[in-house]
Amino acid sequence: MTSSYFLSSLSARSFRESLLLALPALLFLFPMVRSLRAQTPTPAIKVDQVGYPLDGPKIAIVSTSAHSFQLKQSSDQRVVFQGNLSVPQADAATGDQVQAADFSSFRKPGTYYIEVAGVGRSWNFALARNPFERTYYLAMRGFYGQRCGTAVDMGPEFSRFTHPACHLHGEFHPSSGKSGVRDNIGGWHDAGDYGRYVVNSGISTGTLLWAWEIYGSKLKGIPLNIPETGNGTPDILSEARWNLEWMLSMQDEDGGVWHKQTSESFPGMIALQDDKLPSEVIGTGSAPYKSTCATADLAAVAAIAARVYKPFDQKFAEQNLAAARRAWAWAEKNPNVTFTNPAGVNTGDYGDSNCSDEVLWAAAELNRTTGEPAFNTFFLKAYAQFLPVLDAPPAAGWNQLAPMALWTYALSHQKTKDAEAAEAIRKRTLAAAHVVVERTSSSPYRTSMKSTDYYWGSNGVAAGYGMYLLIASQFAPDPSFTNAARDNLHYLLGRNTFSLSWVTKVGENPFQHPHHRPSVATGEAWPGLLSGGPNAGREDAVLAAFPKDLPPAKVYADQMASYASNEIAINWQAALVFLLAGELH
Ligand SMILES: [Zn+2]
């Protein structure tokens with residue numbers, strides 16, 4: 001029975017009067033009504049709203065002055081643990097004065113919250129052996145929701161979230177050096193817009209394939225409920241393949257790869273099926289039309305694919321290796337053809353003035369896959385100049401692939417691997433990781449973030465620190481690396497100054513208004529998507545209007561219009577997936 005049916009059988013006035021008469025009795029009979037009202041969670045107590053593994057550190061952060069805290073079981077409000085808060089620390093990045101509530105020694109699975117007398121209670125969270133599996137599932141399905149060129153249905157648990165097939169027709173833009181139809185159906189929409197970009201696809205798809213290579217044994221048993229589920233290929237590889245096939249379709253006959261496929265300008269904030277702008281294959285505007293960064297990115301990702309798809313689809317693996325070799329040959333001939341938007345095009349340009357790190361990544365992945373001397377020799381001639389990049393974690397980004405190149409060389413099992421080079425990479429990574437661990441454990445909010453890290457996509461920086469630390473633990477297993485990586489995950493899932501989970505539909509208090517056209521069209525945030533996060537660069541009107549002296553970590557708005565702090569994007573989404581995969585049991 002709906003409430004409107006119930007109301008229609010009474011006059012509104014008599015209903016209200018009877019309710020008022022009954023209220024004192026109700027409150028007397030059900031004191032819980034009052035206590036529940038008093039227990040609205042306060043943002044002053046910050047927890048990972050997903051949870052904490054049973055055997056690791058468990059810390060909540062409190063941003064008002066108090067002495068002690070209680071851990072309470074959510075089902076019956078029973079106190080199961082109590083402790084003192086740490087001494088207050090000033091946090092420069094937020095301007096907050098914070099204290100830590102450490103309940104690491106409590107190890108019973110269940111759902112709990114933190115209560116501080118005079119302050120209030122936190123949102124609920126779980127203590128569990130493997131608390132992040134569902135978040136991994138949702139974050140991977142975030143990619144499925146970004147699929148272009150096919151109907152998408154997020155299933156019964158998110159029944160409002162569907163879209164029909166979009167962008168089924170494409171054509172060559174004059175800047176590509178060709179003309180006519182080129183549909184290239186598929187790929188993921190890059191971010192809040194509907195463009196598809198090879199360069200940002202490079203690190204995103206490569207990171208997911210790495211997650212499989214490193215954590216496959218943990219991931220293979222987690223179905224993602226995507227159309228390919230049950231086809232014999234692990235779901236994370238099926239999802240990555242959706243984008244990889246589009247990347248392969250961007251390769252020209254000469255081996256070069258066009259930079260992007262977008263409309264000439266961003267569409268309005270409309271549903272994807274309403275975007276009727278032509279989807280254009282866009283090139284550099286003059287010969288050779290393809291860009292080196294895009295071509296080398298494809299070479300690297302297709303070389304990884306040749307390894308990881310081999311046990312599941314030999315033919316596809318071979319197709320990837322052939323594409324990688326053709327791309328490599330093109331990049332060798334054209335070592336630094338850079339891209340800036342040609343006249344009349346003003347979608348994101350992912351411009352990068354230096355493609356030598358992308359080329360190094362291609363050489364390193366091709367070496368790891370084939371063991372052929374040419375790739376090894378190329379890598380060994382070039383790698384040393386890139387080593388200093390590792391000194392400044394998180395180091396990797398869509399325009400900085402040197403860390404991926406160096407790490408894949410050191411992680412390779414090829415017999416031709418140069419031991420001295422591998423050791424230099426390993427040592428440098430471990431030294432920097434130890435510095436990050438130190439900073440994380442002494443930081444008031446227990447994050448790896450420096451005050452200068454709050455720029456566009458800062459949540460991707462936090463996830464990137466996590467990835468850096470997890471790679472370090474591949475070189476030298478050390479719980480301090482995985483714990484510090486998890487601290488950054490806690491930051492993203494609610495243990496931050498806003499007490500916001502920055503992944504949509506994850507936790508009890510997730511952000512609500514991503515700069516994301518499908519979410520705007522649906523009227524509700526699509527599930528599993530990571531926000532860009534605080535951005536002291538303030539490159540939009542919402543952030544520009546904030547007070548000038550606001551600390552950097554506070555420069556964030558959960559508003560659709562704040563594209564500089566609340567857009568989603570596949571590159572930081574991939575770093576989140578890698579971090580979650582590393583924190584699974
Ligand atoms: Zn599309």
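A pocket here is an open set of grid points with protein on both sides within 12 Å along at least five of seven lines. In this predicted model, the largest one comes out at about 900 Å³. Its lining runs to 36 residues, and Tyr350, Trp398, Ala569, Asn571 and Trp572 are the ones that lie nearest the centre. Three helices each give two or more residues to that lining, namely H5 (198-219), H13 (458-475) and H18 (570-582). Of these, H13 has the largest share, with five residues. Sorted by class, the lining splits into 20 nonpolar, 11 polar and five charged residues.

Helix H5 turns up again among the aromatic contacts. The whole structure holds 25 aromatic pairs, and one of them sets tryptophan 212 edge-to-face with phenylalanine 312, at 6.1 Å centre to centre and 70° between the planes. This pair links distant parts of the chain: tryptophan 212 belongs to H5, while phenylalanine 312 sits in the loop between helix H7 (292-308) and helix H8 (314-333), 100 residues apart. Tryptophan 212 is buried because its relative accessible area, 12%, falls under the 20% cut-off. Phenylalanine 312, at 31%, is partly exposed.

A stacked pair makes a nice counterpoint: phenylalanine 379 and tyrosine 409 have 4.1 Å between centres and 10° between planes. The first is in helix H10 (residues 373-382) and the second in helix H11 (residues 402-411), so the contact ties together parts that are 30 residues apart in sequence. Phenylalanine 379 is buried, at 0% relative accessibility, and tyrosine 409 is buried at 0% as well. Elsewhere, ring pairs join Phe69, Phe81, Phe106 and Tyr112 into a cluster.

Charges sit over rings too. Arginine 121 lies over the face of tyrosine 113, 3.7 Å from the ring centre, and arginine 241 places its charged end over the ring of phenylalanine 316, at 3.6 Å from the centre.

Now for the strands. Four of them make an open sheet in the order E1-E3-E7-E6, with antiparallel pairing; E1 (45-46) and E6 (89-90) are the edge strands, each pairing on one side only. Two bridges hold E1 to E3 (residues 59-62), and lysine 46 has isoleucine 61 of E3 as its bridge partner.

Strand E10 (residues 125-128) has its own set of partners. Strand E2 (residues 51-53) runs parallel to E10 and is joined to it by three bridges, with tyrosine 52 partnering leucine 127. Strand E8 (residues 110-116) pairs with E10 in the antiparallel sense, also over three bridges, and glycine 110 stands opposite leucine 127. Side chains alternate along E10: Phe125 and Leu127 are buried on one face, whereas Ala126 and Ala128 point to the other and are not buried.

Methods: Residues are numbered from 1 along each chain as its sequence is written. This is a predicted model: local features need pLDDT of at least 70, side-chain atom pairs count only at pLDDT 80 or more; totals for chains, interfaces and linings use all residues. Side-chain values use heavy atoms; hydrogens and water are left out. Two strands pair if DSSP finds at least two bridges between them. Helices (H or I, at least four residues) and strands (E, at least two) are DSSP runs, numbered from the N terminus. Buried means under 20% relative accessible area, exposed over 50%, partly exposed in between (1.4 Å probe, protein chains only). On a 1 Å grid over the protein atoms alone, a cavity is a set of points where a 1.4 Å probe fits but cannot get out, and a pocket is an open set with protein on both sides within 12 Å along at least five of seven lines; lining residues have an atom within 4 Å of a point. Grid points are joined across faces, edges and corners, and a volume is the space filled by probe spheres set on the points. Ala, Val, Leu, Ile, Met, Phe, Trp, Tyr, Cys and Pro count as nonpolar, Asp, Glu, Lys and Arg as charged, and the others, Gly among them, as polar. Rings of Phe, Tyr and Trp (its six-membered ring) pair if their centres lie within 6.5 Å; planes under 30 degrees apart count as stacked, over 60 as edge-to-face and the rest as tilted. A charge sits over a ring if NZ of Lys or CZ of Arg is within 6 Å of the ring centre and within 35 degrees of the ring normal.
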